[in-house]
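Work through the exercises below with the sequence and the model side by side. Try each task on your own before reading its solution.

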Amino acid sequence: MSTLKVDNLLNAAGNQSPISVPGAAKAWVDFNGRGTVAIRDSFNVSSITDNGTGDYTVNFSSNMPDTNYCVSGTVADLASGSGHRWLSI
């Protein structure tokens, strides 16, 4: 059996390509939710909207293939006060 190891997956146009492996995250985002909302890093997320305390809207770059998907998230308020938020879809 062969193993394929890559750091970046690009489509024919040279752009990032959504991973089409069952069970793989189709979008994720790490953002600062304290003060002005700012995306630290992401995949298939175009922006974050702060709707009020603890309420955010995540906007996808590319739509999900259908309405059947699951959202998982974590929040870390570190001693440094960085207010990490992480979401995987």
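The confidence score pLDDT is the predictor's confidence in each residue, from 0 to 100. This is a predicted model, in which local features need pLDDT of at least 70, side-chain atom pairs count only at pLDDT 80 or more, and totals for chains, interfaces and linings use all residues. Residues are numbered from 1 along each chain as its sequence is written, and side-chain values use heavy atoms, with hydrogens and water left out.

**Exercise 1. Judge the confidence and list the elements.**

Begin with the whole protein chain, whose mean pLDDT is 77, with 73% of its residues reaching 70 or more. Next, count the elements, taking helices (H or I, at least four residues) and strands (E, at least two) as DSSP runs numbered from the N terminus; the protein chain has zero helices and six strands. Finally, look at the elements one by one: strand β6 (residues 84-88) has the lowest mean pLDDT, 61, whereas β3 has the highest, 92. Where pLDDT is low, the predicted coordinates should not be read in detail.

**Exercise 2. Trace the two hairpins.**

Two strands are said to pair if DSSP finds at least two bridges between them. Start at β1 (28-32), which is joined to strand β2 (residues 38-43) by five bridges, the two strands running antiparallel. Within this pair, D30 stands opposite D41 of β2. Five residues lie between the strands of this hairpin, and G35 takes a positive phi near 75 degrees.

Then move on to strand β3 (residues 45-52) and strand β4 (residues 55-60), which pair in the antiparallel sense over six bridges. Here I48 has V58 in β4 as its bridge partner. The hairpin of β3 and β4 has two residues between its strands, and G54 in the turn shows a positive phi of about 70 degrees.

**Exercise 3. Find the largest nonpolar core.**

First fix the term: buried means under 20% relative accessible area, exposed over 50%, and partly exposed in between (1.4 Å probe, protein chains only). Of the 89 residues of the protein chain, 20% count as buried, and in β1 four of the five residues are buried. A nonpolar core is a set of buried Ala, Val, Leu, Ile, Met, Phe, Trp, Tyr and Cys residues joined through side-chain atoms within 4.5 Å. The largest such core consists of six residues, namely A27, V29, F31, V45, I48 and M64. The elements that give two or more residues to this core are β1 and β3.

**Exercise 4. Which residue forms a salt bridge with D30, and is D30 buried or exposed?**

A salt bridge is a side-chain nitrogen of Lys or Arg within 4 Å of a carboxyl oxygen of Asp or Glu. The structure holds one salt bridge. The partner of D30 is R40, and their closest N and O atoms are 3.6 Å apart. The pair links distant parts of the chain, with R40 in strand β2 and D30 in strand β1, ten residues apart. As for cover, D30 counts as buried because its relative accessibility is 16%, while R40, with a relative accessible area of 34%, is partly exposed.

**Exercise 5. Decide how covered G73 is, and how far it lies from V29.**

Locate G73 in strand β5 (residues 72-76). With a relative accessible area of 52%, G73 is exposed. Although G73 and V29 are 44 residues apart in sequence, they are 9.6 Å apart in space, C-alpha to C-alpha.
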